[in-house]
Each structure stands twice: as C-alpha cells, then as structure tokens.
Amino acid sequence: MSEPSTVERLKLLAARPVLNGLDPAVLQDVDAALESVDVPGGAHLVERGETGAPRFLVVQGGVRSSFVGPDGRRHVAFEYFRGSSVGEALLLSGRPAPLDLHAIRDSHLLLLSRARFDELTARHPELMLNFARFVAARVVELVGSPDFLASFCHKADRLPRSIALLAVGGEEVHRVRGQLADALSRFRTTTRLTAPQARKAIEGRAEMGTEGAYGRLIEWVDALDVPGDSLIFECELSDASWLDFCLRQADRIMVLLDDAESPPTAKGIDWWSGAKLGERSAHLELAVVHRQSSHPPHGSSAYARLPNVARLHHVRARDTGDAQRLARWLLDRPVGLVLGGGGAYGIAHVGVLKALEEAHVPVDTIGGTSMGAIFAGGLARGWDADRIMGEVRALFASRFALYDPTIPFKSLLAGKKLDRVLEGLFEDLAIADLWIPFFCVATNIVRAQSQVHDSGSLRDAIRSSCSIPGLFPPYQMLKDLFVDGGLVDNLPIDVMAERCRGSVIAVDVFPYQRHGRELAPGGLARLLNRLKSPTDGLPLFDTLMHATLTGSQRTTEMSRANHPPALYLTPRLDKFGILEWRSYEAMFREWYECAAREIAGGGFPRSLWEGGLEKAAPSQH
C-alpha cells in the first residue's frame, strides 16, 4: 500500500480526540514515533490476554475487536476504520488485552509502542494528561450503561461495510446473486465490485495477484468505501487471485452454491479448502440454491457441517423473497417468530400465521415449544397457513385423533397415535433441510435442563418437545429422555434472541392464570377429565398442563424483560377448553382477526424489517 504523506498523517492525528488541543510540535514528535505497517486481511494483531500491545491508528482498511461469549460464540465489540484508533487504555494500564484484535481486511496502520509512548510522555507531560482524560471519559461512559455489552449488538458500526458474494454454479446461482445484491441495495447504498472493474482499476500497473496490484486495489477500494454504505465483492472460483482478494476484504461472506454441485463428503469439499473458507475470520454463511420446488431439500446436514459455516440457508432460484431473506440476515434485520405451547390453544397460532402472511410480514426464522413447535415445523418445511390449517382439520375431524389410553405405568396415553401424526406431517425431514431456520425446546430429564434442538431429525425434535408429563410417555433420543419443553421454557424468546438480532414476534397462547368460568369440555377432554384432582377440583388434564407450564411463567417474564419482542400476542382463549381440539375453526378465526387488527393498527411496523438503514456515525473509539 502507498505510504501516507506527513501532512496526511498529521491530519489524522489532529482529528483524534486523545490528541485534541496539543501543540503542533508535539504532534510532529508523536508522528515521528509512529511505525507504519501493512497487515493482510484476517491477520491477528492482538490476542486476548496479551500484554504490551501497542496503540493502533487506522490509515486504510479496518480493525475489529471481538470476544468469545458464555455461549461459546464469537461476538464483535467494536470496529475501527480510517481515522479511528485503539489501544490507548492498554498503553496506560499495561494490563493484558481483554479482547482479540484482527484486521478486517488488508490494512495500513500506524503503531505506537509502549516504549516510544513512555519516551513521548516523559518529554511531553501534557500528552499523558490527554491520554488519561480520554481513557477516563470512556470508562465513565461504559460504566454508566449497565447493559453496555448488550449494546454492542445494536451498534450501527457493527453492520457490514463489505460483503463478499461467492457464486459457485451456473446461471441460476448468478441470478440469485444479482437478486441478493438488489435486495441489499434496498437497505443501504451499495457499490458492486467485480473482477473486470478491478483489472481496469490496476490497468498498466501490475497483474492481478502481484504485490503491486494488491496495493493499487486497496487504494481503489478505500476510495469507494463510504461510511454507512456497503461494498459488495462479486467473485467466482475460476478467478483465484480476485477471489482471495475479495475474501480478505470482507466483513461477511455469503457462499451461493448450486444444489446440483457435488455434495460434501466426509472430507469436505476441495474448493472449500482451496479457498481457505474454513480459516477466514469473517462471518460466513452458506446458501444452497435450488430450482423452484414445493418440496423441502434433502441431505443438507453435510453442508451445515462444513468448516466455519455460521448459518445454512436454502433459497429457490427464482424466488425474490428468498433473496430478500438473505439480505435481511446479512444486515441483521431478520424477523423471528416464537410460538408457545398450550394444548389445543396452540391452534390459535395458525390464525396468527395467516394474518402475518396476508400482511406480507416475512418470517426468516422460527422456533417454538410443544404445540408451537409443531406449527413452527410446518411453516419451516414450506407450508403456508392454509395448508397447515388443512392438516388441523383433517386430524381433528376425528374425535379420538390422539386418544390411545394405556395402562398408566408411564403415562395416560401410549403416544403411538401422536408418533404416527408427527411421522405423517414431517416424514424423515432433517432440520438442516428446512426452508426456514428452525429450533424447538424440550426438557431433558436425564440432565435436568432445557435442550434446544436445531439439528437432526425434525420429527424427533418436535416429538421430544411435546411429550407432556403424565399424558404422553417421555421420548428417548440416544441415552437422554425428554418431556415437554414447556416445563422450563414454554415461550423461548431468549433462545430466539441468541439467534436473531432482528425483530421478534412472540405468540403466547397459554393462560398461566385462569380466567372466566369452567366450561364443560368435549371429546377427548371429557374422557380424560372424568378423573378429578382430590385437592383442588381441577380436571386431571388441566392439572397436568398447569403443573407442566407454571414454572415457565417466570422464565417467560424474564425473557420478555431481557429481550422485549417487537410484537407480543397473548390470545384470550378462556372460553375454550384446553383439550377442545374440535373448536379449531373458532380458535383459528378469532386469532386470525385479532392478529390482523394488531398488525393493521401498527403493532408491527414495516420499518422494522424493510426500508433504508441510517448511515453509521464515524467511530469515536
């Protein structure tokens, strides 16, 4: 990269708050102490726990600090671009670095070592005072905000500034890439960069891939990089030098792969290893592109196991809605939907799905518990609300759809009919094969904890999530036994918040506190409720359900407080019995109308998931 002139360096130094108001002669002395270095994209500059780290000033490119959270995932703390600096507090304190630091892309930095800093402050005490005031101000700002770590997730500067779109396949894949680039441009001003443009930019300078070419390309990219806008690098496997350059500059990488390509083997994919995708520091996602199909994909688990894949998507080649979904994921604007458990009350979820569908509210990821997991699975596999409601009608047209009593050693019902129902709904689908990312929550009674299922068999995951204790037998998977997820987390807003940084819609159908009069239950409810509790007079099944779900009330309250959903719906279904399955039409209609009114009244404004994003303010860190 080209070395900045002394005038440029002094201008950058003078603009930093930590050097504000210093005499020009002091600034010149600071400039003379700085070491000028070029670092490749992805290079680690400082490891967590390292001592003696220097202060960095970004001249070109960018630097990111990150940490591994309690969930085992890497989170971004701050990002620094041209004119930003990092490391003042480490110079003053001499303490080990609390975060990892690496170059976002090929960058030019100015370094101030601890030894040279000590020499400067000995000659210029006012410099030490400036540093101390700057660091103290930053500490006060952070301590003043009790949830400052959580605020990192919402910083505008966290949004990607450069996105690499790697197309692997033919015409259909390139079409999806174009749709995705167009969708990204609806949120932010974008500049699309291609290999022909790059060659034109370095024309007469050097061949692509040489050291001189890289320097010229970095200058070209730096000139196009506008804060708040996005650079989109379009690349293919056939151009190795341009591909490597693009991947080194990317904040995020989206690989678009034709489903006709050879699937991964136990050893992975040769081109994946050749492009070093498993070693890239940028956040990486994989989207498998399918021909138009109403059937879910098949055999996708191998793709999810490729090294460094943070998330697996499935998109249809000519479906612009799928491309828009990818754009929302890339820009942290996905819409997440959480469906709670609650016996027959769960049918209200289908009415909500119909209202969302008619209002054109997208669902980019979905999760649920118990009955909510069943309907979430239907949506995730590609069924619309009408198809799901059709399955409900076909199932509960029979009075004894789930009724198979057994000798009550383990449960009142044998659960065989439930097994057959779930097998008919979800066949042999794997969670990795779903059109929409899915999870459900079950209670592992061997390990005495909740368990999130987001991989493996969809049918097994849902079956484990809706095994109501006492009614259905525990469900065994390997050496673990599972009962209904509502025992510990009936409305998993907290789980969704970990996976979705966009807006969340939560539908809670279970009335934890009983309202209204007791109604005579019908059908299966009448048969089960012949046995009464000797202590409180509640019907047996009501007792089982409330005993199962009461513990989740506190969990739901905490989840709502920690991660307030953008839309929270709580159907009032007291006039129905909790086993009143044959009232499905009334429950569907009532909550379709209620949800439609809520959305039409602005309960979930479109600005939450579409429209332009504000430009990021220049970093002051």
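**Close-up views of a predicted model**

C500 is buried, its relative accessible area being 3%. This residue is taken from a predicted model, and the legends below describe further close-ups of that model, beginning with the chain as a whole.

**Figure 1. Overview of the protein chain, with its 22 helices and 20 strands.** Of the 621 residues in the protein chain, 54% are buried. The accessible surface of the chain comes to about 26800 Å², and carbon and sulfur atoms hold 53% of that area. Among contacts in the chain with a separation of 6 or more, 77% are made by residues 24 or more positions apart.

**Figure 2. The largest nonpolar core, which has 67 residues.** Which residues have the most contacts inside this core? They are L337, I366, F438 and I462. Helix α15 (residues 371-380) supplies the largest share of the core, with seven residues. Apart from this core lies another, made up of 41 residues, among them M208, I253, L277 and L284. In soluble globular proteins, nonpolar side chains tend to be buried together.

**Figure 3. The surroundings of I366, one of the residues with the most contacts inside the largest nonpolar core.** When residues up to four places away in sequence are not counted, I366 touches L337, L339, A376, L379, A380, I436, P437, F438, F439 and M496. Two of these partners, L337 and F438, are themselves listed with I366 among the residues that have the most contacts inside the core.

**Figure 4. The salt bridge between R311 and E285, drawn from a structure that holds 39 salt bridges.** The side chains of R311 and E285 meet at 2.8 Å, N to O. R311 lies in strand β12 (residues 311-316) and E285 in strand β11 (residues 283-290), so this pair ties together parts of the chain that are 26 residues apart in sequence. Are the two residues buried or exposed? Both R311 and E285 are buried.

**Figure 5. The salt bridge between R325 and D322 within helix α13.** The distance between the two side chains is 3.2 Å, N to O. Because R325 and D322 are three residues apart in helix α13 (residues 320-330), about one helical turn separates them. R325 counts as buried because its relative accessibility is 4%, and D322 likewise counts as buried, at 6% relative accessibility.

**Figure 6. The salt bridge between R192 and D182, which links distant parts of the chain.** The side chains meet at 3.6 Å, N to O. R192 belongs to strand β8 (residues 190-193) and D182 to helix α7 (residues 171-185), the two residues being 10 residues apart. With a relative accessibility of 34%, R192 counts as partly exposed, and D182, at 45%, also counts as partly exposed.

**Figure 7. A network of salt bridges that links D106, D244, R248 and R280.** Two aspartates, D106 and D244, and two arginines, R248 and R280, take part in this network.

**Figure 8. The surroundings of C246, a cysteine that is in no disulfide.** How many disulfides are counted in the model? The count comes to zero. The cysteine sulfur nearest to that of C246 belongs to C235 and is 4.4 Å away, whereas a disulfide requires two cysteine sulfur atoms within 2.5 Å, so the pair is not counted as one. C246 is buried, with a relative accessible area of 0%.

Definitions and conventions. Residues are numbered from 1 along each chain as its sequence is written. This is a predicted model: local features need pLDDT of at least 70, side-chain atom pairs count only at pLDDT 80 or more; totals for chains, interfaces and linings use all residues. Side-chain values use heavy atoms; hydrogens and water are left out. A salt bridge is a side-chain nitrogen of Lys or Arg within 4 Å of a carboxyl oxygen of Asp or Glu. Helices (H or I, at least four residues) and strands (E, at least two) are DSSP runs, numbered from the N terminus. Buried means under 20% relative accessible area, exposed over 50%, partly exposed in between (1.4 Å probe, protein chains only). Contact means heavy atoms within 4.5 Å. Accessible areas come from the Shrake-Rupley method with a 1.4 Å probe; for residues, only the protein chains shown count as cover. A nonpolar core is a set of buried Ala, Val, Leu, Ile, Met, Phe, Trp, Tyr and Cys residues joined through side-chain atoms within 4.5 Å.
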